[in-house]
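Reader: I am in my first year and would like to learn how to read a protein model step by step. Could you take my questions in turn?

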Amino acid sequence: MENFATLIRNRRSTRKFTDQLLTPGQVEQILKAALMAPASKRKNPWQFVVVEDKEMLRKLAGCKAHGSAFLEGCALAVVVLANVMESDVWVEDASIASIFMQLQAEDLGLGSCWCQIRNRQTADEKDANEYVRALLDIPYQLDVLSIVGFGYKERESKPFDEDRLQWEKVHLGHYTMPGQPETGSEA
């Protein structure tokens, strides 16, 4: 494993994958990362549907009007669900599990990309959550947050350019409006 700073600098969204399949060990490591993700009050409201079938990946690629076509070309997709009745912070818990999988994939030398489902629509303006639920027989109490696609990267992306970090969005001690001079806390 690379150190964490290198891992997060190198992790970039991958939308083009090779045809090479993942090994069962790689899939297991990705899923272990999700299952080890922290969750509020350790309720673990998330669940995961693992999809490798090419026909189902093709159908899932139609889940949104834009930004989901890459799913057709990935080797593996993990549909991230959560029980909305079990936790009021299911979105946050499922999001953390999603990014844990992406970081594990990067550590394995694999690419990944997040496909947002919650609050999105298909090309014919159907609810993306309902579209995916119907495809995968997901029960009513579970909502789909995201689908994360995984595979071998068709090409490597450049690491994140640290010169582009937006340090102006970091505020010390209190919020400072853009253009406002820094002052101490005066109360």
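Author: Let us begin with a term: the expected span of a helix is 1.5 Å times one less than its number of residues. Please keep in mind that this is a predicted model.

Reader: What distance does helix H4 reach from its first C-alpha to its last?

Author: Helix H4 runs over residues 90–107 and has 18 residues. At 1.5 Å a residue, a span of 26 Å is expected for H4. The distance from the first C-alpha of H4 to its last is close to that expectation, at 26 Å.

Reader: Which strands are included in what covers the buried residues of H4?

Author: Among the buried residues of H4 are Trp90, Val91, Met101 and Leu103. What covers the buried residues of H4 includes two helices, H1 (4–10) and H2 (24–35). The strands included in that cover are S1 (46–51), S2 (76–83), S3 (111–116) and S4 (142–151).

Reader: In what order do the four strands form the open sheet, and which are the edge strands?

Author: The four strands pair in the antiparallel sense, and their order in the open sheet is S1-S2-S4-S3. Two of these strands pair on one side only, which is what marks them as edge strands, and they are S1 and S3.

Reader: Which residue of S4 is the bridge partner of Val80?

Author: S2 and S4 pair in the antiparallel sense over eight bridges. One bridge joins Leu76 to its partner in S4, Phe150. For Val80, the bridge partner in S4 is Ser146.

Reader: How many of the residues of S2 are buried?

Author: Side chains in a regular strand alternate between the two faces of the sheet, and in S2 both faces are covered. On one side Leu76, Val78, Val80 and Ala82 are buried, and on the other side Ala77, Val79, Leu81 and Asn83 are buried. S2 is thus mostly covered, and the number of its eight residues that are buried is eight.

Reader: Why do the buried residues of H2 lie on the same side of that helix, and what arc do they cover?

Author: In H2, the buried residues are Gln26, Val27, Ile30, Ala33 and Ala34. They lie on the same side of H2 because the arc they cover around the axis is only 120 degrees.

Reader: What do the buried residues of H2 pack against?

Author: H2 has twelve residues and reaches 16 Å from its first C-alpha to its last. The elements that its buried residues pack against are S1, S2, H4 and S4.

Reader: How far apart along the chain are Arg9 and Glu162?

Author: Arg9 forms a salt bridge with Glu162, and the closest N and O atoms are 2.7 Å apart. This pair links distant parts of the chain, with Arg9 in helix H1 and Glu162 in the segment after S4, and the separation is 153 residues.

Reader: Is Lys153, which forms a salt bridge with Glu106, buried or exposed?

Author: The closest N and O atoms of Lys153 and Glu106 are 3.1 Å apart. The pair links the segment after S4, where Lys153 lies, with helix H4, where Glu106 lies. Glu106 is buried, with a relative accessible area of 8%. Because buried means under 20% relative accessible area, Lys153, at 13%, counts as buried.

Reader: Which residue is linked with Glu106 and Lys153 in a network of salt bridges?

Author: Glu106 and Lys153 form a salt bridge with each other. The residue linked with them in a network of salt bridges is Glu156.

Methods. Residues are numbered from 1 along each chain as its sequence is written. This is a predicted model: local features need pLDDT of at least 70, side-chain atom pairs count only at pLDDT 80 or more; totals for chains, interfaces and linings use all residues. Side-chain values use heavy atoms; hydrogens and water are left out. Buried means under 20% relative accessible area, exposed over 50%, partly exposed in between (1.4 Å probe, protein chains only). Contact means heavy atoms within 4.5 Å. Two strands pair if DSSP finds at least two bridges between them. The arc is that of the directions from the helix axis to the C-beta atoms. A salt bridge is a side-chain nitrogen of Lys or Arg within 4 Å of a carboxyl oxygen of Asp or Glu.
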